[in-house]
Amino acid sequence: RILCDTLPDMINTIFSNYNPVISSDEKQLFFMDRLKFYDAVMHSIRQDTSWQKPDNLTPRIKSDGDHVLTGISADGSLLLFTYYDPYMSGEICMSEFLNGEWTSMTKLNDKINTRFHESHASFSPNGKYIYFTSDRKGGFGGLDIYRSARDDHGNWGVAENLGPLVNSPYNEESPFLTSDGKVLFFSSQGHYNMGGYDIFMSSRQGEKWLPP
């Protein structure tokens, strides 16, 4: 059974509100607000049972209004964004909450960002891995889901394709892990779906992902 309720009007505005991500304690909500002239990155804090008026983070993270929020760390201190670079296609960026302020976005390294299209990224619950989508060479067709590990110095390592059981000959998108890191939810145009992008889940046994 799924219960659905609408968040208050200060969050759901007359503009389109999309791509919400929430911290693991469910006290910080980040989302996109499609304003008249640009897409804003918004942040709302929940106090008791009430969401507070959202704060526009766009100027602080140095976005020009076309960076799209995709992922959040469990503690809400790291945010992931994608944007389209006409020369490099889709790129993944990160902003961190340090000393009470959000840092300017920085592009992730060349293990993640390539001259191909990187379209979406999210963190594992422990923050040690990033799961992202890319149509780089060597995949199984279209956008595939990859995983990269973060070392002790904060650098992202070589990207590992999740393999042909998860990645179909078509596009996979929007990977997210459950809080225990054992189930992967994602969208796909493949896997004998009902048409367009459908939502799938894959469970993990050890380091192996089972058929969605």
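**Asp198, Ser122 and the largest pocket**

Visitor: Which side chain of opposite charge is nearest to Asp198?
Guide: Asp198 is buried (under 20% relative accessible area, 1.4 Å probe, protein chains only) yet has no salt bridge. A salt bridge needs a side-chain nitrogen of Lys or Arg within 4 Å of a carboxyl oxygen of Asp or Glu. Lys and Arg count as positive, Asp and Glu as negative; His and the chain ends are not counted. The nearest side chain of opposite charge is 20 Å away: Arg34.

This is a predicted model, where local features need pLDDT of at least 70, side-chain atom pairs count only at pLDDT 80 or more, and totals for chains, interfaces and linings use all residues. Residues are numbered from 1 along each chain as its sequence is written, and side-chain values use heavy atoms, leaving out hydrogens and water.

Visitor: Which backbone nitrogen does the side chain of Asp198 reach?
Guide: Asp198 sits in strand β17, residues 198-205. Strands are DSSP runs (E, at least two residues), numbered from the N terminus. At 2.6 Å, the side chain reaches the backbone nitrogen of Met194.

Visitor: Is Ser122 buried or exposed?
Guide: Ser122 is found in strand β11. Its side chain has a polar atom 2.6 Å from the backbone oxygen of Pro175. Because its relative accessibility is 4%, Ser122 counts as buried.

Visitor: Which element gives the largest share of the lining of the largest pocket?
Guide: The largest pocket has a volume of about 550 Å³. Elements that give two or more residues to its lining are β1, β6, β11 and β15. The largest share, three residues, comes from β1.

Notes. Helix = DSSP H or I, 4+ residues; strand = E, 2+ residues; numbered from the N terminus. Buried < 20%, exposed > 50% of the residue type's maximum accessible area, 1.4 Å probe, protein only. Polar contact = N/O pair within 3.5 Å; in protein donor to acceptor, adjacent residues only side chain to side chain. 1 Å grid on protein atoms, 1.4 Å probe; cavity = no way out; pocket = protein on both sides within 12 Å on 5 of 7 lines; lining within 4 Å. Points joined across faces, edges and corners; volume = space filled by probe spheres on them.
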